[in-house]
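Student: Please show me the structure, and then we can go through some questions on its sheet and helices.

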Amino acid sequence: MKITILDDYFDTLRTLPCFAKLDGHEVTIWNDHVQDVDALADRLAETEVLVLIRERTKIRTPLLERLPKLKLISQRSVYPHIDVETCTRLGIIISSDQHAGTPSFATAELTWALIMAAMRQIPQQMASLQAGNWQACVGNTLRGKTLGIYGYGRIGGAVADYGKAFGMNILIWASEGSRERARADGYEVPNSKAAFFAACDVLSLHLRLYDSTRGIITGDDLSHMKPTALLVNTSRAPLIEPGALAAALDAGRPGMAAVDVYEEEPVRDTAHPLFNRDNVICTPHIGYVTRDEYEIQFTDIFAQIIAYANSTPINVINPDVVAR
């Protein structure tokens, strides 16, 4: 089969052990990022199987309708970047393992790295040394502080464990079912969303992005946060209503933020409203970007391709195509 992989920025995938699963297939890998429909249609004209690295490229109807040879899209996790109904109409299978059994420890670890860096103001201290100065400011200790986890899934649970290890008080806010699960696990759940936002010294978002969670965090929610609090988002930017975080930082509640995700990616505009603030740490969506995490993810993604080649597709999210 003719397989195309998009957005492998550092040409990493061919160096992974799992890449051997594609032996015998014709594989083309693109290392740059292109979203232009004409350019993508040209690149993918002969493609039978398309491999996506998370949500880096949007696969929308105008592109799909120009790819008559495409039969399978193989990826991992959620798929808001793919027009699923169009794929179904055109007979394109989408296989996407939802990795229900394992968290992304890479994302959980980055979350904790951002929390530590922000609370101890590590970027500011580094900049001070680089400018020929000594200490720049006074940071904050985590022990005894309150860590809020919004979204009690696999990653949220891992971050809560890190918080416990650092001697923090853990609060959970999530869907009703997840709040019940958090209580059963021994975590405290506040009486209201407003009380949750008001109590947290560090608040970390760990929700999946669905229509129901888009914009779920409002400017009013953020206004309840402490002036000393830190908001961390390594999940998805659209969980926060557009412009709300920048406005909240301007208003001083919360006092700090650390973000790894943005409304439109990749972001190359150095004037982005979050990039040039002393109280914000920004990273370029690297939560899942480790060799170890890639090996886990692409073992699944390539296994989906092999299953399709054997006429036994797995993890199909549009089963009507298979039925036809």
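Tutor: The questions below deal with the sheet first and then with two helices.

Tutor: This is a predicted model, in which local features need pLDDT of at least 70, side-chain atom pairs count only at pLDDT 80 or more, and totals for chains, interfaces and linings use all residues. Residues are numbered from 1 along each chain as its sequence is written, and side-chain values use heavy atoms, with hydrogens and water left out.

Student: In what order do the 5 strands of the open sheet run?

Tutor: Strands are DSSP runs of E with at least two residues, numbered from the N terminus. Two of them pair if DSSP finds at least two bridges between them. The pairing here is parallel, and the order is E2-E1-E3-E4-E5.

Student: Which are the edge strands?

Tutor: An edge strand pairs on one side only. That applies to strand E2 (26–29) and strand E5 (93–97).

Student: Which residue in E5 does Ser-74 stand opposite?

Tutor: Strand E4 covers residues 72–76 and pairs with E5 in the parallel sense over 5 bridges. Opposite Ser-74 stands Ser-95.

Student: How many residues of helix H4 are buried?

Tutor: A helix is a DSSP run of H or I with at least four residues, and H4 spans residues 105–119. Buried means under 20% relative accessible area, with a 1.4 Å probe and protein chains only. The buried residues include Leu-110, Trp-112 and Met-119. H4 is mostly covered, and of its 15 residues the number buried is 11.

Student: Which residue with a positive phi follows H4?

Tutor: Its phi is near 55 degrees. The residue is Gln-121.

Notes:
The expected span of a helix is 1.5 Å times one less than its number of residues. Buried means under 20% relative accessible area, exposed over 50%, partly exposed in between (1.4 Å probe, protein chains only).
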